[in-house]
Amino acid sequence: PDLSSGINAEYGGISVWGSGGSASQLFPIFKAQKNALRCLFNLKRAPDSYARPGTKRTFNENMFLTVHNIYFYTVLSEVHRISSLPETTRSNLINFSARKPDLVLMRKGETQYLDSNFLFAAPKIWNTLTQTM
């Protein structure tokens with residue numbers, strides 16, 4: 001059966017904005033997501049092993065997004081949506097560089113404390129993506 005839309009939609013509805021993509025804050029949701037996959041696909045431990053079966057292959061084969069992927073996808077979608085707003089409206093949210101139009105400028109502040117804030121996390125994620133392209 002096609003379960004990808006149901007699983008992705010279900011996890012897409014979970015708000016992870018406050019996490020800033022932090023692995024430690026997303027881990028409980030990711031762990032629940034992996035347990036759900038083990039139940040859905042009846043992934044069992046090997047008879048001679050205490051280790052749980054890996055879920056990475058199941059995620060990839062069924063094209064499921066992990067909660068981390070959903071967080072990054074949502075942030076990038078929002079930045080793209082904001083980039084299409086008029087300059088006067090978008091300047092209150094995110095500023096793009098005049099020299100490099102694809103580069104989002106970081107706001108000033110103590111970034112170690114503000115990493116969980118969308119306005120600080122989004123430019124990092126966006127700039128990382130545009131540099132790899």
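In the predicted model, R90 is located in helix α5, which spans residues 87-90. R90 has a relative accessibility of 15% and therefore counts as buried, the cut-off for this class being under 20%. The side chain of R90 engages the side chain of E87 in a polar contact at 2.6 Å. When neighbours within four places in sequence are set aside, the contacts of R90 are I82, S83, L85 and F96.

One of these contacts of R90, I82, also belongs to the set of α4 residues that meet helix α7. Helix α4 comprises residues 67-83 and helix α7 residues 118-132; their axes approach within 9 Å and cross at roughly 95 degrees. Because angles of 65 to 115 degrees fall in this class, α4 and α7 are described as roughly perpendicular to each other. On the α4 side, the contact is formed by Y71, F72, V75, L76, E78, V79, H80 and I82. The α7 side contributes F118, A121, A122, I125, W126 and L129. By residue class, the contact of α4 with α7 consists of 12 nonpolar residues, one polar residue and one charged residue.

Helix α4 also packs against helix α2, with the axes 9 Å apart and an angle of about 125 degrees. The two helices are therefore oblique to each other, since 125 degrees lies outside the ranges for roughly parallel, roughly antiparallel and roughly perpendicular pairs. In this contact, A23, L26, I29, F30 and Q33 of α2 meet V67, H68 and Y71 of α4. The residues involved divide into six nonpolar and two polar, with no charged residue. Y71 thus takes part in the contact with α2 and also in the contact with α7.

Aromatic pairs are three in number in the structure. One of them joins F30 and F59 in a stacked arrangement, with 6.2 Å from centre to centre and 20 degrees between the planes. This pair connects distant parts of the chain, as F30 lies in helix α2 (residues 23-40) and F59 in helix α3 (residues 56-61), 29 residues apart. F30 and F59 are both buried. A further pair, between Y71 and F72, is edge-to-face, with a centre-to-centre distance of 5.5 Å and 70 degrees between the planes. The two partners differ in burial: Y71, at 2% relative accessibility, counts as buried, whereas F72, at 34%, counts as partly exposed.

Backbone geometry was also examined in the loops. Most residues other than glycine have a negative phi. N42, although not a glycine, has a positive phi of about 50 degrees. This residue lies in the loop between α2 and α3 and is exposed, with a relative accessible area of 51%. A positive phi, near 55 degrees, is likewise found for M63, a residue other than glycine. M63 is placed in the loop between α3 and α4. With a relative accessibility of 67%, M63 counts as exposed, because the cut-off for this class is over 50%.

Conventions:
Residues numbered from 1 in each chain as written. Predicted model: local features only at pLDDT ≥ 70, side-chain atom pairs only at ≥ 80, totals over all residues. Heavy atoms only, no water. Axes fitted to C-alpha atoms, helices over the stretch in contact; angles between N-to-C directions. Helix = DSSP H or I, 4+ residues; strand = E, 2+ residues; numbered from the N terminus. Parallel < 35°, antiparallel > 145°, perpendicular 65-115°, else oblique. Contact = heavy atoms within 4.5 Å. Nonpolar A, V, L, I, M, F, W, Y, C, P; charged D, E, K, R; others polar. Phe/Tyr/Trp six-rings, centres within 6.5 Å; stacked < 30°, edge-to-face > 60°. Buried < 20%, exposed > 50% of the residue type's maximum accessible area, 1.4 Å probe, protein only. Polar contact = N/O pair within 3.5 Å; in protein donor to acceptor, adjacent residues only side chain to side chain.
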